[in-house]
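Student: Can we go through this protein together? I'd like to start with the overall picture and then look at some details.
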Amino acid sequence: MELTVKQSKARVFAVWLCAVALAGVLVLVLVRLTGLDAGTSLALPISGLPFASVGTVIVLPAVLALRVRWMTVVAAVLVAVQAFWLAPRFVANGAEIAADAPRLRVATSNSLQGRVDPKALVELVRAQRVDVLAVQELRATGVQRLDEAGLRELMPYRELHPEIDTSIYSRLPLTAGGLVDQPTTWPQTTATVMVGNHAVRLIGVHTLYPVENPARWTADLRALRAEAGPNVVMLGDFNATLDHTPLRELLAAGLADAHAELGRGWAPTWPADRPLIQIDHVLHGRELRAVSVSEHTLPGTDHRAVVAELAYQAEGA
């Protein structure tokens, strides 16, 4: 009899535990469905949606074992919805790229106010044969340290804005340099590079982080939608994951995320020592295709650098 009572209490506790877990996941799913993370502090928990998805998969067999029908239905629906959102990120789009399509290798690194190890960053550029590098939070002293480490020889062309935030370095000549017209917390740096005979517009991105001001963070990302175009490459620290409404809106404006395009659905970039979420991205317009993408840990900064190779291949080519 005593054993039966203990078993009953344990079952009740397990049911309540599963119910609380499912309630938390349900809230996150509803927030993502309704876009309530845009402009609100709900942007923070939405960053953890992939982890909640894993938790739901764990809870589902538990509620099946507990034989609580309504909870089983809820868990199954939540698993299905989250799989619908997340599964495509793990499947490469399979687009064929012409062997003679001109290529562009780009990289982005948040320097943590210039604290990134300059020699390590320059070595990354050299080893990865990077054509274009966007560096966020780069100060004047950081520019000097990078040049002293050899970046001037590797990338003599540059659009420098250390007094603002982001600078763009290039092995190839840059034109039409300056700042994006759209108002954002930190002005976004832009320049144009030729890939084969095609002009590609580069935008070095750094948006405000939602923990400081969710409304301004949302406004930053939404302002970038006006800059989306078929030949555009946006790269940098977006302070947003693919589950955030403002970033999904930016992608819907005609851009693709290099990681998702290649089926790299799990590629966290922050924090660098124990990466949990991906907020550093390479986005591109429809006239380009992602060939490869990788992440690299550099001493001195809390972001992992992202390197991507893109091919210029207009639709129908």
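Tutor: We'll go from the whole protein to a hairpin, a helix and a cavity. Keep in mind that this is a predicted model.

Student: OK, how many helices and strands are there in the protein?

Tutor: There are ten helices and twelve strands. The C-alpha trace spans about 80 × 45 × 35 Å along its principal axes.

Student: And what share of the residues counts as buried?

Tutor: The protein has 317 residues, and 50% of them count as buried.

Student: Now the strands. Do β6 and β7 pair in the parallel or the antiparallel sense?

Tutor: Antiparallel, over seven bridges. Strand β6 covers residues 189-195, and strand β7 covers residues 198-206. For one bridge, look at Thr 192: its partner in β7 is Arg 201.

Student: What do β6 and β7 form, and how many residues sit between them?

Tutor: They form a hairpin, with two residues between the strands. Look at Gly 196 in the turn: its phi is positive, about 65°.

Student: What about β7 and β8, parallel or antiparallel?

Tutor: Those two pair in the parallel sense, over six bridges. Strand β8 runs over residues 232-237. Here Gly 204 stands opposite Leu 235 in β8.

Student: Which helix goes with β7 and β8 in a β-α-β unit?

Tutor: Helix α8, residues 214-223. The β-α-β unit is right-handed.

Student: Switching to α6. Which of its residues are buried?

Tutor: Gly 142, Val 143, Leu 146 and Asp 147. They sit on the same side of α6, because they cover an arc of only 135° around the axis.

Student: Why would residues that aren't neighbours in a helix point the same way?

Tutor: An α-helix has 3.6 residues a turn, so residues three or four places apart point the same way.

Student: Then what is exposed on the other side of α6?

Tutor: Ala 140, Thr 141 and Glu 148 are exposed there.

Student: Last topic, empty space. How many cavities of 30 Å³ or more does a search find?

Tutor: One, in a search of the whole structure. The largest cavity holds about 30 Å³ of space.

Student: Which residues line the largest cavity?

Tutor: Gly 114, Val 116, Pro 118, Leu 138, Gly 142, Arg 145 and Leu 146. By class, four are nonpolar, two are polar and one is charged.

Student: Which helix gives the most to that lining?

Tutor: Helix α6, residues 140-148, with three residues. You've met Gly 142 and Leu 146 already, among the buried residues of α6.

Notes: Residues are numbered from 1 along each chain as its sequence is written. This is a predicted model: local features need pLDDT of at least 70, side-chain atom pairs count only at pLDDT 80 or more; totals for chains, interfaces and linings use all residues. Side-chain values use heavy atoms; hydrogens and water are left out. On a 1 Å grid over the protein atoms alone, a cavity is a set of points where a 1.4 Å probe fits but cannot get out, and a pocket is an open set with protein on both sides within 12 Å along at least five of seven lines; lining residues have an atom within 4 Å of a point. Grid points are joined across faces, edges and corners, and a volume is the space filled by probe spheres set on the points. Helices (H or I, at least four residues) and strands (E, at least two) are DSSP runs, numbered from the N terminus. Ala, Val, Leu, Ile, Met, Phe, Trp, Tyr, Cys and Pro count as nonpolar, Asp, Glu, Lys and Arg as charged, and the others, Gly among them, as polar. Two strands pair if DSSP finds at least two bridges between them. A crossover is right-handed if, with the strands pointing away from the viewer, the path from the first strand over the helix to the second runs clockwise. Buried means under 20% relative accessible area, exposed over 50%, partly exposed in between (1.4 Å probe, protein chains only). The arc is that of the directions from the helix axis to the C-beta atoms.
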